[in-house]
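Please look through the following structure slowly, with the sequence beside it. The paragraphs below begin with one charged residue and then widen the view to the helices and the whole chain.

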Amino acid sequence: MSGVAGAFFCASSEPSPRVVDQLNKMIPTLALRGQAGVVVSAFMQERGLRHGTFQSNDSSVRIDCIERDPFFRPHVAIAQIRGGSCGTGDGDDVQSIPNRHFAIALDGALVNAHELRSELLARGQLIDTNTDAELLLRWIEHSCEREYWRHGRPVNYEAIFRELDDRIDGALSALLLDKDGDLVAYRSRSGLRPLETMRASNGLLLFASENCAFAGLEGEISQLLPGSIQRVDAKTGASVDHALNCRGHKAKLCAYEALYLGSPNTSVEGHSHRQTRYNIGLSLGRIVAERLQAEPLLMPPIVSSMPNTGGPYADGLFDSFAEQGVLAERSDVVATQFHERTLLGRTSARQSRIARKYRVSEPAVAERTVIVVDEALIRGDTSQAVTMMLLAAGAKDVHWAIGSPPIVAPNYYGMGIDTLDELAFWQALKRLPFELRAQCLRFHRMEPPALRIVESNIATAIQAASITYLPFRALVSVLADRLEGIDLSPFTFDMPTPAGRQRARRHLEALLAAFPVNTRLRSGS
């Protein structure tokens with residue numbers, strides 16, 4: 001996970017503190033996209049590029065190494081909200097990495113990073129880091145040197161990014177700032193990672209991974225289209241959009257953006273993430289209510305959300321209960337002590353963060369049934385830890401209501417979910433009898449009885465009383481009016497890019513080779 005933000009003061013001949021001030025306001029709105037800090041690069045005519053980090057406390061925010069000099073008043077600045085994993089192809093390790101000529105802020109990941117790296121090495125380019133950002137910077141720098149700098153010609157960024165867009169496989173949105181103060185915004189053809197832009201009435205041209213970053217401003221908001229760039233001239237402030245090929249690419253937004261990663265305050269093409277999640281909660285509530293009515297409880301259950309992103313799901317589920325006459329209490333008994341995501345990183349580091357992050361309101365849950373509503377269950381380690389905390393605090397039992405279908409596929413596009421074996425679904429599948437495995441390998445096409453088996457198996461593994469997933473058909477119903485614009489590969493195993501499909505196929509074949517399955521009934525049947 002990662003995010004980008006940028007601000008360009010179009011009247012570049014008039015130095016203004018507004019660029020840094022605006023970036024200081026935008027960065028906190030994108031905080032859920034990263035957990036490893038924020039790095040910033042800024043440019044001022046005659047003073048060049050400078051780099052720093054974003055610092056925040058209860059009373060103020062500032063960008064060090066930039067704000068220390070009161071005379072450094074940049075007309076353009078970009079920021080990278082960093083994730084926490086590392087290694088080529090993992091995407092979220094990337095920073096706003098500077099070199100002699102450029103700084104880049106990157107959201108997403110390259111799937112074919114190793115191939116691009118090998119090609120640059122074959123051309124004699126030395127790469128001293130494994131990050132996707134450094135790889136892209138080296139590629140761009142090499143192209144500029146080969147085609148323009150050595151000939152004394154101005155750089156044609158349209159041509160450079162056209163070649164790049166043809167060569168990469170993955171999901172990228174990026175902001176590139178060069179040594180002359182020109183800014184290039186780029187969104188790769190897959191469209192999986194969003195990039196919003198706003199021409200504000202106060203003279204700023206803004207860029208961000210989500211339009212929640214533009215809150216409180218007036219102006220025209222639009223999305224950068226997949227397979228295109230927007231170049232902003234440092235001297236004039238004029239900006240021009242360029243499609244990188246003759247065939248337009250329709251955005252295929254990653255499902256994690258709408259269901260998990262994006263802020264509830266973000267909207268995409270008029271669809272609010274908060275409303276989408278609330279509607280999912282309504283649909284999920286009808287299923288959970290039916291199961292509760294089959295086993296009546298002595299006391300109304302507590303409906304609690306997982307913090308930060310689970311609230312709209314829980315609100316929808318609770319309102320669905322009310323519509324059906326199911327008595328319940330809406331109370332968030334699970335809270336966090338910090339906002340850092342626990343999805344990314346090595347297992348030991350994640351488990352340590354999980355243990356420190358969550359706390360439970362003990363008196364509220366004593367002898368009560370708790371329904372915890374969450375947007376997804378990926379590995380199950382967070383769910384298990386929270387379940388144990390609730391039971392230790394005296395809860396009678398814990399039920400999980402999940403606002404998505406089972407996560408069956410890895411994600412190579414910047415979410416830090418890179419293997420099958422780490423997913424709760426596959427761990428549950430391994431424990432099933434031979435004759436049941438093939439039924440579950442139909443993935444989003446599995447029949448309800450097979451889904452119930454998966455739910456029961458995972459519930460046992462995390463020591464919960466039950467788990468209720470949102471059926472795939474119910475998700476499709478909620479997203480019906482924009483289904484073609486969302487990548488549902490986490491639930492279908494149908495990767496959105498060629499290199500992603502090849503890698504997923506290799507991973508699936510390797511895992512299935514480790515335990516017997518009726519091959520005639522795999523997911524494609």
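In this predicted model, Glu257 has a relative accessible area of 1%, and because anything under 20% is called buried, Glu257 belongs to the buried residues. Its side chain meets that of Arg193 in a salt bridge, with 2.9 Å from N to O. Arg193 lies in the loop between β9 (183-187) and β10 (196-200), whereas Glu257 lies in helix α5 (residues 255-261), so the pair ties together parts that are 64 residues apart in sequence. Arg193 also counts as buried, at 1% relative accessibility. These two residues do not stand alone, for Arg33, Asp107, Arg193, Glu210 and Glu257 are linked in a network of salt bridges. The general idea behind such links is that side chains of opposite charge can pair when their charged atoms come close.

Other salt bridges involve helix α4. Arg146 forms one with Glu163, and the closest N and O atoms of the pair are 3.3 Å apart. Since Arg146 lies in helix α3 and Glu163 in helix α4, this pair ties together parts that are 17 residues apart in sequence. Arg146 is partly exposed, at 24% relative accessibility, and Glu163 is partly exposed as well, with a relative accessible area of 25%. A further salt bridge joins Glu158 to Arg162, where the closest N and O atoms are 2.8 Å apart. Both of these residues lie in helix α4, 4 residues apart, which is about one turn of the helix. An α-helix has 3.6 residues a turn, so residues three or four places apart point the same way.

The helix α2 (residues 113-122) shows how burial can be arranged, since Ala113, Leu116, Arg117 and Leu120 are buried there. Seen down the axis of α2, the buried residues fall within an arc of 100°, so they line one face of the helix. What covers these buried residues includes the strand β7 (102-110) and the helices α3 (132-147) and α4 (157-167). Just after α2, Gly124 takes a positive phi of about 85°.

Let us now step back to the whole protein chain. Its secondary structure comes to 16 helices and 25 strands, and buried residues make up 57% of its 525 residues. Among contacts between residues at least 6 apart in sequence, 69% join residues at least 24 apart. The chain exposes about 21200 Å², of which carbon and sulfur atoms supply 50%.

Key. Residues numbered from 1 in each chain as written. Predicted model: local features only at pLDDT ≥ 70, side-chain atom pairs only at ≥ 80, totals over all residues. Heavy atoms only, no water. Buried < 20%, exposed > 50% of the residue type's maximum accessible area, 1.4 Å probe, protein only. Helix = DSSP H or I, 4+ residues; strand = E, 2+ residues; numbered from the N terminus. Arc of directions from axis to C-beta. Contact = heavy atoms within 4.5 Å. Areas by Shrake-Rupley, 256 points an atom, 1.4 Å probe, with all protein chains shown as cover. Salt bridge = Lys/Arg side-chain N within 4 Å of Asp/Glu carboxyl O.
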